Structure formats: C-alpha cells, structure tokens
Amino acid sequence: MLSPVPRPVHLKLFLGIAALLLSACEAARLPPHIGRVRGGAGEQQLSKDEMFAFDEALPWLSYVREHGVQQFVAMFHDNKALTSDELLWGDEIEYHLVRLDEKQKTAKVALRAEEVLEVLRQKEHQFGRRDGFGEACSWHPEYGAWMVEGTPRVPYGGYTADLRRVEHNMRLRRKRLAAVLRPDEHAITMPAFPTLGVGDFAEPAAAAGNDATLSASAPDALITPLPRFHALTRNIRLRRGSKVDIRAPLLRDAKTDAAELARGIEMDAMAYGMGCCCLQVTFQARDIDESRHLYDHLAVLAPVMLALTAATPVLHGPAISPHLSPSLPLSPPLPPPLRRTARRCGTRP
C-alpha cells in the first residue's frame, strides 16, 4: 500500500511508471478497466475497475514494455534533478482482525475488513482532523479479507516533536480500530495468523470457491473483494503455470516423522505470504542520490533486523523451525509480489 507521506523523489519515478503505462494502454485504445493507483494519504487509492485476465493482457505486453521504458527514461531525465530539503516520513501498521470465542476457546480470522474499513473511513471523514494540527488516521485495504492497514493522515517531520507523535498516533489508530470492532473481535499485530488454512479457521466460514487460487486450504473468500487482488492472484498462477508452492521447514522434535520433516510445511496460496502483517516505515529522501545511499545501507541492515524481529513460531498449523535459514527459498521461482511478502514471514532476507 502507498505510504502516508507525500510521494518521495524515488517513489515518484515508480508511480510515474504506473501512470505512464496506463497512458500507453490508453494510447493503444485498450479498454479503461486497468486498476489505477490514486496517490496521497487518502483512503480511495485502489479503484474497483475490472482487471485484465492474463490471456487478455498478452497481446499488449510488448507495446506496454516498449513504450513504458521509453517514457520511464524520459521521465527520469525530467525529474532526476528534483530536490527536497524537508524530511517527511511515516509508518504503516497492518492488523489481523481476529475473533476470540471464550466459551469454545477458539481463535479465527474475522473476514470483516471491508465492513470495518467502511465504518472507519466514515468516522474519520466525520471526526478526523484535516488541518494538520493534532493527529488523524488513514485506513487502507490489504490483501486479506481479515486485514486492515492504518497510517497517520499527516506525515511526520524532522523535528523532535515529530518523534513524540509516533507513539501517540499508533495508540490513536489502535483505539479507533478497536472502537468499531465487535466485543469478541481484536486487532492483533503479529506477522502470520498461526492456523490460517487449518480446519475451521475463519468467521464467518469462508466460502469454498477457489477459482483464483485453486488452493486446497485457502479459498478465494480470504482475498479482499477488490478486482486487483483477485486478478493478481489468478494471473500469477497462470503465469507460473501452476499453483503457488510455499515450503517452510518443520520444527524437529523427538516424535517428528522423517517423511514429514523432509516434506516440511506446505502452503499452496498467496494468502500465506500476502496474508502476513508487518510494520513499515517510508522516508522521503532529499534527492535520488540520497535515496540510493539510503537503500544501499538498508539492504545490508535488513537481514539483521529481520533476524532480530523474527516472530513466526507457527505457520499454517505446525511449529516452524527456529533455525530457519534467511536464504531459504520458499518456492522456485516465486513471483515478485509473493517474494516481497515472503520476507514478512521471516523466511527470506
């Protein structure tokens, strides 16, 4: 999801590519139903237009690639000298919505994210501050139908006072989210829901259809009902020519069967990667050179921070090996969207 901060220099190029690819498609007189990105910290960032199926997009790929590269190069030269002396940054927190049944002693993901987001947006529009004074929140959909993302509406700055804003805004987001949940529902911040895809794990029970995933354990009802996410799931599967095949090592104990140990934990849907939650931070660099410098440093530090913050002891039911190698491949080869979210599970650097 997009950051709550204004578009930083290094992200302008990325967002510009998306806009230019759309204009290239329009120039080719493609039907105007490709998902669009709407910038800023507002809530309506993802359109609900229909998406191209994989086979429908194939005739246009060469055209989009050729003109996309040309337009990217032109846009890079137009914007490479942009500078900004103001430090702006922000955080994004993703929450699992979980229903706890005290009587039955069960915990299930609550597939009500779309409903909860609608209420949050209405209340934020009605009561949230938009003048830049005081804290306010912004709410966004995520891949999972049980996931919600919250960001500060106004970005943080480079002063000591802005550091004091962070905890206050995080507390405000949690308070506002909790206020619209049912008494038995909770917003939990952890990387992966432990029993996702195991038995009766969702409330309400997820419908059995799986046209997008073809998964044996994660039905399509787990995906947020936005065409973008369903098309992404289906098209990646079609491009691969097979279902997603994620593997993680099983925890070894005295009673672990050798065959089970060799097979590991098997997951056959993007929901096991895209359905992970995390805390993200986005910084606005002064210029493209500073953004490269920052990126190079974070690329070295990221595996260290990943190891220090590992918090996924259980995945898809079984306990995961604590000696999980940072370079363990989840599935050869992983599409880029799943490769990115696999890192959230603590299974890739």
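## Strand 3 and its surroundings

Along strand 3, the residues Cys137, Trp139 and Pro141 point one way, while Ser138 and His140 point the other way, and all are buried. The model described here is predicted. With 5 of the 5 residues in strand 3 (residues 137-141) buried, the strand is largely enclosed by the rest of the structure.

The partner of strand 3 is strand 4 (residues 147-152), and the two pair in the antiparallel sense over 5 bridges. Within this pairing, Cys137 stands opposite Pro152 of strand 4. The connection from strand 3 to strand 4 is a hairpin through 5 residues.

Aromatic contacts are considered next. The model contains 4 aromatic pairs, counting two rings as a pair if their centres lie within 6.5 Å. One of these is formed by Tyr143 and Phe229, with an edge-to-face arrangement: the centres are 5.8 Å apart and the planes are at 80 degrees. This angle counts as edge-to-face because the class takes planes over 60 degrees apart. The pair links distant parts of the chain, 86 residues apart. The table places each partner.

| Residue | Location | Burial |
|---|---|---|
| Tyr143 | loop between strand 3 and strand 4 | buried |
| Phe229 | helix 6 (residues 227-240) | buried |

The loop that carries Tyr143 thus lies between strand 3 and strand 4, and the ring partner Phe229 belongs to helix 6. Separately, Trp89, Tyr156 and Phe283 form one aromatic cluster.

Note on methods: Residues numbered from 1 in each chain as written. Predicted model: local features only at pLDDT ≥ 70, side-chain atom pairs only at ≥ 80, totals over all residues. Heavy atoms only, no water. Buried < 20%, exposed > 50% of the residue type's maximum accessible area, 1.4 Å probe, protein only. Helix = DSSP H or I, 4+ residues; strand = E, 2+ residues; numbered from the N terminus. Pairing = 2+ DSSP bridges. Phe/Tyr/Trp six-rings, centres within 6.5 Å; stacked < 30°, edge-to-face > 60°.
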